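I opened this notebook to keep track of what I looked up in one structure. The entries follow the order in which I went through the questions.

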Amino acid sequence: MTTRRLAALTGLLGVALGAFGAHGISATIEAVEGGADWWRTATLYHLVHAVAILASGAGGRPARAGAAAWCFAAGVVLFSGTLYAMAVGAPRSLNPRRIRMAPSIQGPQMRSAPLVASDSVTPCAGSTAVWLM
């Protein structure tokens, strides 16, 4: 699948889910505390990622562009999907605010960091997550 088609599909699903949340299941979303805000945020980031997928295909390296596009698509599924699920009543353990980066032993430029569930969010002092491809 080309990055244009992936961007188009992602954008289509973002618009469809936004409309579905606003008109189809608005009562369900509004019944959940913070549900409307979560749905709105999920839709916004879903659509922003669709634009990012389209922009990633504009580069001159097709192999890297394809990898970047699929990473953005995975981000939509993981981030927006979690927010969509919480907006309709999924457990709060999916709340992104409860997930933080564990300190890395590699220093300030981490290549990867495990995610840790936490009741309180405390930033990792002195470390910045930088994802390198």
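**Entry 1: Met86**

I began with Met86, which counts as buried because its relative accessibility is 0%, under the 20% cut-off for that class. The model I am reading is a predicted one. I placed Met86 in helix α4, and then looked up its separation from Ile29: the two residues are 57 apart along the chain, and their C-alpha atoms are separated by 9.2 Å.

**Entry 2: the cores**

Which residues make up the largest nonpolar core? I listed 10 in all, namely Ile25, Ile29, Val32, Trp38, Trp39, Ala42, Leu83, Tyr84, Met86 and Ala87. Two elements give two or more residues to this core, α3 (35-56) and α4 (62-87), and of the elements it is α4 that gives the most, with 4 residues. I noted another core of 5 residues lying apart from the largest one, and Ala7, Ile53, Ala69 and Ala73 are among its members. As background I wrote down that in soluble globular proteins nonpolar side chains tend to be buried together.

I then went back to Ile29 for its contacts, setting aside residues up to four places away in sequence, and found that Ile29 touches Gly21, Gly35, Ala36, Trp39, Ala87 and Val88.

**Entry 3: Ser56**

I checked Ser56, which lies in helix α3, and recorded that this serine is buried because its relative accessible area is 14%, where buried means under 20%. What is Ser56 in contact with, once its neighbours within four places in sequence are left aside? I found Thr3, Ala65, Ala68, Ala69 and Phe72.

**Entry 4: the salt bridge**

I searched for salt bridges and the count came to 1. The side chains of Arg40 and Asp37 meet in it, with a distance of 2.8 Å from N to O, which lies within the 4 Å limit of the rule. Both residues lie in helix α3, where they are 3 residues apart, about one turn of the helix. On accessibility I had to separate the two partners: Arg40 counts as exposed because its relative accessibility is 54%, whereas Asp37 is partly exposed, with a relative accessible area of 46%. The general point I kept beside this entry is that side chains of opposite charge can pair when their charged atoms come close.

**Entry 5: the nonpolar patch**

I next turned to the surface, where Met1, Leu9, Leu12, Leu13 and Trp70 make a nonpolar patch of about 550 Å². Which helix gives the most to this patch? I found that helix α1 (residues 3-24) does, with 3 residues. Leu9 has its place in helix α1, and I recorded Leu9 as partly exposed because its relative accessibility is 39%, a value that also clears the 30% a residue must exceed to enter a patch.

**Entry 6: the whole chain**

I finished with the overall figures, starting from the secondary structure, which comes to 4 helices and 4 strands in the order α-α-α-α-β-β-β-β from the N terminus on. Of the 133 residues of the protein, 30% count as buried. The accessible surface comes to about 8,600 Å², and I noted that 65% of this belongs to carbon and sulfur atoms. Among contacts with a separation of 6 or more, 48% are accounted for by residues 24 or more positions apart.

Note on methods:
Residues numbered from 1 in each chain as written. Predicted model: local features only at pLDDT ≥ 70, side-chain atom pairs only at ≥ 80, totals over all residues. Heavy atoms only, no water. Patch = residues over 30% accessible without salt bridge, like charges linked within 9 Å, V, L, I, M, F, W, Y side chains within 5 Å. Areas by Shrake-Rupley, 256 points an atom, 1.4 Å probe, with all protein chains shown as cover. Buried < 20%, exposed > 50% of the residue type's maximum accessible area, 1.4 Å probe, protein only. Contact = heavy atoms within 4.5 Å. Core = buried A, V, L, I, M, F, W, Y, C linked by side-chain atoms within 4.5 Å.
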